Amino acid sequence: MRGIEAELDESRMVPVPATVDGAVESWARERAESLRATHGLDEQRTAAIVAALVAAHQLAARGRGQYFLLFDPLTALVAPLHVVISEGELAPVGQRGFLLPTALRAPDLRLTPETVFGTGCSSTFLTMRPGMAEIRWLFVATGVTLAATLAPVATAATMSMGITAEDLFVALSIEGGRLSRSADFRPEVLIAETYEAQEQWAL
């Protein structure tokens, strides 16, 4: 796999490693204190961020890909972002399954800003938990696929956290330079389908 790098705004995006030196709680407290100093958070919110970092580390320690904890300055809420970059192009049937999961109502699909992987597609949908949503992103470039999931995320923070996640994707750089979007990745077709489904809900 070719090298991937990023210049992150760590006041909004905290990388979560699979292993840390020393106690996980100490690492989480240190990172949370940095957010507290930057954003003027109270102790209750800081403690919630510590717990979220510990939980995200547990996921990172047993999963593949990279985890980040995103912080929303508008609501002071956090949510874990899981990013997996793999060799090969996800087939159209897999693209559809990832972006159009079974949900309470048709997901909201949107094109992303341009990245080193080309233009991607996001899918936002409500979960069974009241007041919670999930956002997924998919980029299928020539020979490479990036799939990401932000969940659970409070519905009140989906827009601002979605922007933060896409800022992260834009900040990525890849060895060998920018890639072209795969000819087999046509999210505009799926977006048209979901637009029709949403109009039926409105009726």
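These are my notebook entries on the cores, the largest pocket and one helix of this structure.

**Ground rules.** I'm working from a predicted model, where local features need pLDDT of at least 70, side-chain atom pairs count only at pLDDT 80 or more, and totals for chains, interfaces and linings use all residues. Numbering starts from 1 along each chain as its sequence is written, and side-chain values use heavy atoms, with hydrogens and water left out.

**Core.** I looked up the largest nonpolar core (buried Ala, Val, Leu, Ile, Met, Phe, Trp, Tyr and Cys joined through side-chain atoms within 4.5 Å; buried is under 20% relative accessible area, 1.4 Å probe, protein chains only). It has 26 residues, and Leu81, Phe117, Trp137, Leu150 and Phe169 touch the most other members. I also noted a second, separate core of 19 residues, Val14 and Ala76 among them.

**Pocket.** Next I checked the largest pocket (on a 1 Å grid over the protein atoms alone, an open set of points where a 1.4 Å probe fits, with protein on both sides within 12 Å along at least five of seven lines; lining residues have an atom within 4 Å of a point). The lining includes Asp108, Arg110, Trp137 and Glu166. Helix H4 gives the largest share, five residues.

**Helix H4.** I then went to H4, residues 158–171 (helices are DSSP runs of H or I, at least four residues, numbered from the N terminus). Thr158, Met161, Leu168 and Phe169 are among its buried residues. Its end C-alpha atoms are 20 Å apart, which agrees with the 20 Å expected for 14 residues at 1.5 Å a residue (1.5 Å times one less than the number of residues).

How values were computed. Buried means under 20% relative accessible area, exposed over 50%, partly exposed in between (1.4 Å probe, protein chains only). Helices (H or I, at least four residues) and strands (E, at least two) are DSSP runs, numbered from the N terminus.
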